[in-house]
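Open the model in your viewer and keep the selection panel at hand. The stops below follow one another along a route.

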Amino acid sequence: MKIIIIGAGQVGGTLAENLAGEKNEITIIDSESSILSSLQDRLDLQIVCGIGSHPDVLKKAGAEDADMIIAVTNSDESNMMACQVAHSLFKTPTKIARVRSEQYIIYQDQLYQNKDIPVDHLIAPEQLVTTAIKRLIDYPGALQVVEFADGRASLVAVKAYYGGLLVGHALSALKEHMPNVDTRVAAIYRRGRPIRPLGSTVIEADDEVFFIADTKHIRAVMSELQKLEASYKRIMIAGGGLIGAGLAKRLERKHNVKLIEYSLDRANYLASTLDHATVFQGDASDASLLLEENVEQVDAFIAVTNDDEANIMSAMLAKRMGAAKAMVLIQRSAYVDLVQGGDIDIAFSPQQATISALLTHIRRGDIVNVHSLRRGAAEAIEAIAHGDQQTSKVVGKQIRDIKLPPGTTIGAVVREDEVVIAHSDTVIKANDHVILFLVDKKFIGDVERLFQPSALFF
């Protein structure tokens, strides 16, 4: 595809990296020439220096025959205007905008239509991050939780610990331990490298294990790999911005939530809008404040301010003072691997959540869900199988007979309300939602083509 990306910041740059190696024609627009030059030195793409919502700049970038425009600058208004110009002047088929302001998101059903603001797909990073953190709260001990087929199936990453029932045993023992629960290990990462999971593969302590199962069985499978943690009850949130406030709102009914916000005005506003959460004005890295608010009794301390360093320091302090779990928001993706695994249990990147959402709208072959895993190293995909045995490369075939790209596994098939865990003799049927795991995302194009029915189908 011919894709124009407006904004070469963290999200735009990372998205360009994801797409440039997939035989797409990428042009990226930004007003900072130095950032553009740095990207062009590393990636096979075109650059245009200028303001991405200006017609002459879009024309120079090739908007007249572009398939898609993706506006991800730091300005909601600039992103929306770029989509408007692309629609009005160049009839660009697909227009995607990153929008962060809560006010624009609340009224999205009324605002974003061709007769009003022509944005085909709205990406709201704060909402995506809030949902991701909420899932980690729902499944204590998980490193990542992603859902497919409207939540019917879930892919979960956990770290195998000493004492886990399966540690030291082959994967084939999983069925013996849980005869009534069907699950599939999609991938194992050992010391950062992927291992192809076979029945004879022995789980080792500290392995990062990705498994897929019917969502209602997730906690049962987790208990095989690590000692099942108790549900989180007491939550402390540092930062009352869009993510902190949204998270407090979603957790306050079923959890005891304390929120620390530095700004007095913002703290007063949050206190008036939250129903059950307790709001404190202060510095989350102030040891005396944390001690006063009994941080040692907290099940999860979640730092989500706009400052990476402040998040890291407050979370490390809270953990050392007795908080059971420490989670942090990290804007700079390079920091994620550095901080996760010591005093900080989980670090999450809004960029990766945003990239996953963007990729969902970019992928071809009726791919309806894409999740970036392991900080972008792997992908999990939900694709719908269309056609019949004459027009489809997958429909009517057993999984063993499907020519999957290297390092790609089919984990599960969702058929109406049934979650079918994939085995070699599982037959793919028309309209099945097929969930795949790619260890190497460079083969994504092959997966897209695999699920594109021939022209005869149409």
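Begin with Phe 437. Its relative accessible area is 3%, so this residue is buried. Keep in mind that the model is predicted.

**Stop 1: the aromatic cluster**

Keep Phe 437 selected and add Tyr 189 and Phe 210. These three residues make up one aromatic cluster. How many aromatic pairs does the structure hold? There are 2.

Take Tyr 189 and Phe 210. Their ring centres are 6.0 Å apart and their planes stand at 70°, so this pair is edge-to-face. Tyr 189 sits in strand 9 and Phe 210 in strand 11, so colour both strands. The two residues are 21 residues apart, and their pair links distant parts of the chain.

Check burial next. Tyr 189 has a relative accessible area of 4%, which means it is buried. Phe 210 is buried as well, at 2% relative accessibility.

Now turn to Phe 210 and Phe 437. This aromatic pair is tilted, with 5.3 Å from centre to centre and 55° between the planes. Phe 210 belongs to strand 11, whereas Phe 437 lies in strand 22 (residues 433–438). Here the separation is 227 residues, and again the pair links distant parts of the chain.

**Stop 2: Thr 408**

Stay with Phe 437 and show what is around Thr 408. Thr 408 is in contact with Phe 437, and also with Leu 436, Leu 438 and Val 447, leaving aside neighbours within four places in sequence. Thr 408 is part of strand 20 (residues 408–415). Is Thr 408 buried or exposed? Its relative accessible area is 8%, under the 20% cut-off, so Thr 408 is buried.

**Stop 3: the open sheet**

Go back to strands 9 and 11 and show the sheet around them. It is an open sheet of 5 strands, in the order 7-8-11-9-10, with antiparallel pairing. Which strands stand at the edges? They are strand 7 (142–148) and strand 10 (193–195). Each has a single partner strand, so one side of each is left without a neighbour in the sheet. On average, neighbouring strands are turned by 20° against each other, direction ignored.

Zoom in on one edge. Strand 9 (residues 183–190) and strand 10 run antiparallel and are joined by 3 bridges. Tyr 189, from the aromatic cluster, has Pro 194 in strand 10 as its bridge partner.

Now add helix 9 (residues 218–225). Helix 9 packs on the sheet and touches strand 7, strand 8 (153–159), strand 9 and strand 11 (208–214). The direction of helix 9 makes about 150° with that of strand 11.

**Stop 4: the nonpolar cores**

Select Ile 133, Ile 137, Phe 211, Ile 235, Ile 302 and Phe 348. These have the most contacts inside the largest nonpolar core, which has 50 residues. Helix 10 (residues 242–251) gives the most to this core, with 5 residues.

Centre on Ile 137. Beyond residues up to four places away in sequence, Ile 137 touches Tyr 232, Ile 235, Leu 251, His 255, Ala 300, Ile 302 and Met 327. A second, separate core has 45 residues, including Ile 3, Val 11, Ala 16 and Val 420.

**Stop 5: helix 7**

Finish on helix 7 (residues 125–138). Its 14 residues should span 20 Å at 1.5 Å a residue, and the end C-alpha atoms are 20 Å apart, which agrees. Among the buried residues of helix 7 are Ile 133 and Ile 137, along with Glu 126, Lys 134 and Arg 135.

Conventions
Residues are numbered from 1 along each chain as its sequence is written. This is a predicted model: local features need pLDDT of at least 70, side-chain atom pairs count only at pLDDT 80 or more; totals for chains, interfaces and linings use all residues. Side-chain values use heavy atoms; hydrogens and water are left out. Two strands pair if DSSP finds at least two bridges between them. Helices (H or I, at least four residues) and strands (E, at least two) are DSSP runs, numbered from the N terminus. Axes are lines fitted to C-alpha atoms, for helices over the stretch in contact, and angles run from 0 to 180 degrees between N-to-C directions. Contact means heavy atoms within 4.5 Å. A nonpolar core is a set of buried Ala, Val, Leu, Ile, Met, Phe, Trp, Tyr and Cys residues joined through side-chain atoms within 4.5 Å. Buried means under 20% relative accessible area, exposed over 50%, partly exposed in between (1.4 Å probe, protein chains only). Rings of Phe, Tyr and Trp (its six-membered ring) pair if their centres lie within 6.5 Å; planes under 30 degrees apart count as stacked, over 60 as edge-to-face and the rest as tilted. The expected span of a helix is 1.5 Å times one less than its number of residues.
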